[in-house]
Structures are given as C-alpha cells and as structure tokens.
Amino acid sequence: MGCRDVHAATVLAFLSGTASVAGLLAAVLLPNWRQMRLYTFNKNERNVTVYTGLWIKCARFDGSRDCVIYDPQWYTAVDQLDLRVLQFALPLSMFTAVSALFLCLIGMCNTAFVSSVPNIKLAKCLVNSAGCHLVAGLLFLLACAICLTPSIWVIFYNNYLNRKYEPVFSFDISVFIAIASAGGLFFTSILLFLWYCACKSLPSPFWQPLYSHAPSMHSYASQPYSARSRLSAIEIDIPVVTHAS
C-alpha cells in the first residue's frame, strides 16, 4: 500500500464522505419523513396525504402534486418527539461529517505536498497526515451514530403512533436516505481505519498519530559544523617527540 502517497483508499473515503453529507442534506430538506393518509368515504372527494418533514408540512390530494395546505412554520410547532430530535441530530451529524471531510482533505494535501522530512524546530507544530485520517475516521463514526440512532427511532415511533391513534402513519423516503447516508459515513470511517492500520506498521515515526518529540528526530539531520569540528579536534593523534641520543 502506497502510504507515503495519496492512496486510493483515502480518495475513495473522501468521495464517500462527500456523498454521505449530500445525502444528509437532502434528508434534512425533503418534507418526506412521515406520511399520514386521510381516507374519505365520499365518492366525490379524494383522499388526502399529509407529508411531514423536519421544517415544513404539506397536504395533497391523491393524484396531485400541489400542496392544498402548506405550512412553512411547521418547524416551530413540531408535536412529534422523533422529528424534534432529528431537527437537532441531523445538522449536528452534518457538521461533524464536514469537519471530518476537512481533516481528511488536510491529511491528503499534507501527504501530497509536504516533504517527508520535517523541520526539527517545527516538529511539534506540523500536521500529521496519519493523525488527520485517524481523527477523521473517528468523527465519521460519531456522525454515523448521531444520524443513525434517531433515524431508526422514527420507524419505531411510527408504530407507536399507529397503535396510539389509527394505522394511518407511515415513514417516508427521507428515513431511507438518512439511514443510507449513515451507512456511507460508517463505510468511510472503515476505509480510513483500514488505511491507518495498514500504514502504522511502517518504521517511520511520521505514520504515528502524533510526531515524536524533537530529540528523537535528530537522526534525520546532520550534526552542526561546530560540533563536528570539535570532535575532529579531539580525535587528532598527538605525535610523540623523542630526543636523539
């Protein structure tokens, strides 16, 4: 595995993380978290489906795409606990995933453009690509947990609503998008962990999460000229002068 270069695993992880964040954004914006079907026994009327999202609510007649009732202020009056939790969980998951993408990008840029031999004086301040990918993998895993838990809860809460009221509730496509995005975040973290586990066995200290402190890195630099001159002066053989008889 080309650990000293930008590897296909890290590029694939970055693309997978970007796609997962895009999926989370779509799930947040779509008004398709829950459907409520309202049936009528009047043959002259049509059934109504109420589409509930995290921020808006829309009611449509069957066969129509126009909203008969459109409530853009729904986010302020959400009366369903699972959707209220998702209003906080999904943006937090997106923020965590975006932070992980930023770290992953920094790690790839560091691998591609930074010299493999760092300056000893700046060793404590340098960005380590392995550390960036490791922390990014942990953040992707955290974003997956934040997104997946309340998204699965929607399914169980939907069954609770059907038992409490009438079996007119069903979860919609946004639930599947959120769960798929969480799966993408988990896949991204696994890719980064596999890359790190394959590269940490290298002898170079630069593949550890943090650089070693400066004294252990003197082996990468030659000794200063003054030190060499003093050593050479000590090692000069002093001739022995004998008197002729």
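Let's start with Q35: its bridge partner in strand β2 is Y51. Strands here, and helices too, are DSSP runs numbered from the N terminus, with at least two residues of type E for a strand and at least four of type H or I for a helix. Two strands pair if DSSP finds at least two bridges between them. For β1, residues 34–38, and β2, residues 48–52, there are five bridges, and the strands run antiparallel. Another bridge partner in β2 is T52, which pairs with R34.

Before I go on, a word about what you are looking at. This is a predicted model, in which local features need pLDDT of at least 70 and side-chain atom pairs count only at pLDDT 80 or more, while totals for chains, interfaces and linings use all residues. Residues are numbered from 1 along each chain as its sequence is written, and side-chain values use heavy atoms, with hydrogens and water left out.

Back to the strands. T52 also stands opposite K57 in β3. Strand β3 covers residues 57–61, and five bridges join it to β2, again antiparallel. Together β2 and β3 make a hairpin, with four residues between them.

On its other pairing, β1 meets strand β5, residues 169–171, through three bridges, and those two run antiparallel. One pair to find on your screens is M36 with F169 in β5.

So how many residues of β2 are buried? Five of its five, where buried means under 20% relative accessible area, exposed means over 50%, and partly exposed is in between, using a 1.4 Å probe and protein chains only. In a regular strand, side chains alternate between the two faces of the sheet. In β2, V48, V50 and T52 sit on one side, T49 and Y51 on the other, and all of them are buried.

Now for the charges. A salt bridge here is a side-chain nitrogen of Lys or Arg within 4 Å of a carboxyl oxygen of Asp or Glu. Searching the whole structure turns up one. Which residue does D82 pair with? The partner is R34, and the closest N and O atoms are 2.5 Å apart. This pair links distant parts of the chain, with D82 in helix α2 and R34 in strand β1, 48 residues apart. In general, side chains of opposite charge can pair when their charged atoms come close. D82 counts as buried because its relative accessibility is 0%, and R34 counts as buried because its value is 1%.

Let's stay in helix α2 and look at L86. L86 is buried because its relative accessible area is 0%. Contact means heavy atoms within 4.5 Å. Leaving aside neighbours within four places in sequence, L86 contacts W33, L54, P91, P150, S151 and V154. Take S151 from that list: L86 and S151 are 65 residues apart in sequence, yet 7.4 Å apart in space, C-alpha to C-alpha.

Over to helix α3, where we find H133. Is H133 buried or exposed? Buried, because its relative accessibility is 1%. Not counting residues up to four places away in sequence, H133 touches T10, C104, G107, M108, L192 and W195.

L141 is in α3 as well. L141 is partly exposed, because its relative accessible area is 34%. With residues up to four places away in sequence left out, L141 touches F186, S189 and F193. From L141 to T96 the C-alpha distance is 9.5 Å, with their positions 45 residues apart in sequence.

Next, the surface. L81, V85, I152, W153 and F156 make a nonpolar patch of about 440 Å². Patches are made of residues with over 30% relative accessible area and no salt bridge; like charges are joined within 9 Å, and nonpolar side chains (Val, Leu, Ile, Met, Phe, Trp, Tyr) within 5 Å. Accessible areas come from the Shrake-Rupley method with a 1.4 Å probe, and for residues only the protein chains shown count as cover. Helices α2 (81–113) and α3 (129–164) each supply at least two of the patch residues, and α3 gives the most, with three. L81, in α2, is partly exposed because its relative accessible area is 48%.

Last, the record. The unreviewed UniProt entry annotates "transmembrane region" at residues 6–30, 88–114, 134–156 and 168–196; positions follow the numbering used here, feature names are shortened, and annotations may be inferred rather than shown by experiment. In the model, residues 134–156 are 100% helix and 0% strand, with end C-alpha atoms 34 Å apart. Residues 168–196 are 83% helix and 10% strand, and their end C-alpha atoms lie 48 Å apart.
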